[in-house]
Amino acid sequence: MPDQHRHRAQLTRSRARRSPSAARRFRLGPVASLAPGESLKFMLPIRGADEECFLINFGGEFFAYVNRCRHVPMAMDWVDNQFFAEEGRYLMCQTHNAYYEPRTGECIAGPASACGKLLYRVAIEIKDGIAYASPPTEEFED
Ligand code: FES
């Protein structure tokens, strides 16, 4: 094997051996700037592609999901950064009105093929008032 190809094979092997615990996390910003009922969109590298995600403040608790409806894999916010519906009780995809539970990401109403499915969760860690996001490790099913 030529040296150039051997070197490339070594790089590939070393990358494949990374442990899941070595997953990177990304700084989103201070959670104090996100009031209850508000959301913040951000980009996160997931398996080599930048994916749009969103962070929500649901009654003082913070959750984040990939901005990808489980009915059709497209962004949920037809109106930019508008995810909450029913006075902040649910998250909603504006395309065909799929409703999701903010705490779990479960689709609880809307198109039948989406009901019962979960939004892809982005793990959030808050340290010293700063939110950090870790890319999901699960494969997208659609
Ligand atoms: S694409 Fe979201 S409800 Fe249809």
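How many bridges join strand β2 (residues 39–46) to strand β3 (residues 49–58)? The number is 8, and the two strands run antiparallel. A bridge count matters for the wording here: two strands pair if DSSP finds at least two bridges between them.

**Basis of the model**

This is a predicted model, in which local features need pLDDT of at least 70, side-chain atom pairs count only at pLDDT 80 or more, and totals for chains, interfaces and linings use all residues. Residues are numbered from 1 along each chain as its sequence is written. The pLDDT is the predictor's confidence in each residue, from 0 to 100. Its mean over the chain is 87, and 84% of the residues reach 70 or more. Residues 1–22 have pLDDT below 50, and this stretch has 2 contacts in the model beyond near neighbours in sequence. Two residues are in contact if their C-beta atoms, placed from the backbone, lie within 7 Å. Where pLDDT is low, the predicted coordinates should not be read in detail.

**Overall make-up**

The chain holds 1 helix and 10 strands. From the N terminus the order is α-β-β-β-β-β-β-β-β-β-β. Helices (H or I, at least four residues) and strands (E, at least two) are DSSP runs, numbered from the N terminus. The chain has 142 residues, of which 22% count as buried. Buried means 20 or more other C-beta atoms within 10 Å of the residue's own; exposed means 12 or fewer; partly exposed lies in between, with C-beta atoms placed from the backbone. Of the contacts between residues at least 6 apart in sequence, 45% join residues at least 24 apart.

**The six-stranded sheet**

An open sheet of 6 strands has the order β1-β10-β9-β4-β3-β2, with antiparallel pairing. At its edges stand β1 (26–30) and β2, each with a single partner strand, so one side of each has no neighbour in the sheet. Neighbouring strands are turned by 30 degrees against each other on average, direction ignored. The axes behind that angle are lines fitted to C-alpha atoms, for helices over the stretch in contact, and angles run from 0 to 180 degrees between N-to-C directions.

In the β2–β3 pair, K41 stands opposite F54. M43 has E52 as its bridge partner in β3. Further across the sheet, β4 and β9 (residues 121–127) pair antiparallel over 2 bridges. There A64 faces V122 in β9. β9 in turn pairs with β10 (residues 130–134) over 5 bridges, again antiparallel. In that pair K127 stands opposite I130.

**The four-stranded sheet**

A second open sheet has 4 strands in the order β5-β6-β7-β8, and its pairing is antiparallel. The edge strands are β5 (84–85) and β8 (107–109), each pairing on one side only. Between β5 and β6 (residues 90–93) there are 2 bridges. F84 stands opposite L91 in β6.

**Turns and loops with positive phi**

Four residues in turns or loops take positive phi values.

| Residue | Place | Phi |
|---|---|---|
| R47 | turn of the β2–β3 hairpin, 2 residues between strands | about 45 degrees |
| N81 | loop between β4 and β5 | about 60 degrees |
| E86 | loop between β5 and β6 | about 50 degrees |
| D128 | hairpin of β9 and β10, 2 residues between strands | near 55 degrees |

N81 is not a glycine, nor is E86. N81 is exposed because 11 other C-beta atoms lie within 10 Å. E86 also counts as exposed, with 9 such neighbours inside 10 Å.

**Core and a buried proline**

The largest nonpolar core has 24 residues. Such a core is a set of buried Ala, Val, Leu, Ile, Met, Phe, Trp, Tyr and Cys residues joined through C-beta atoms within 7 Å. C53, F54, A64, Y65 and A98 have the most contacts inside the core. Two or more residues come from each of β3, β4 (61–66), β6 and β7 (98–100). Setting aside residues up to four places away in sequence, F54 touches S39, L40, K41, A64, Y65, N67 and F83.

P102 lies in the loop between β7 and β8. Is P102 buried or exposed? It is buried, because 21 other C-beta atoms lie within 10 Å. Beyond neighbours within four places in sequence, P102 is in contact with I56, F58, F63, Y90 and L91. The C-alpha atoms of P102 and E61 are 9.7 Å apart, although 41 residues separate the two along the chain.
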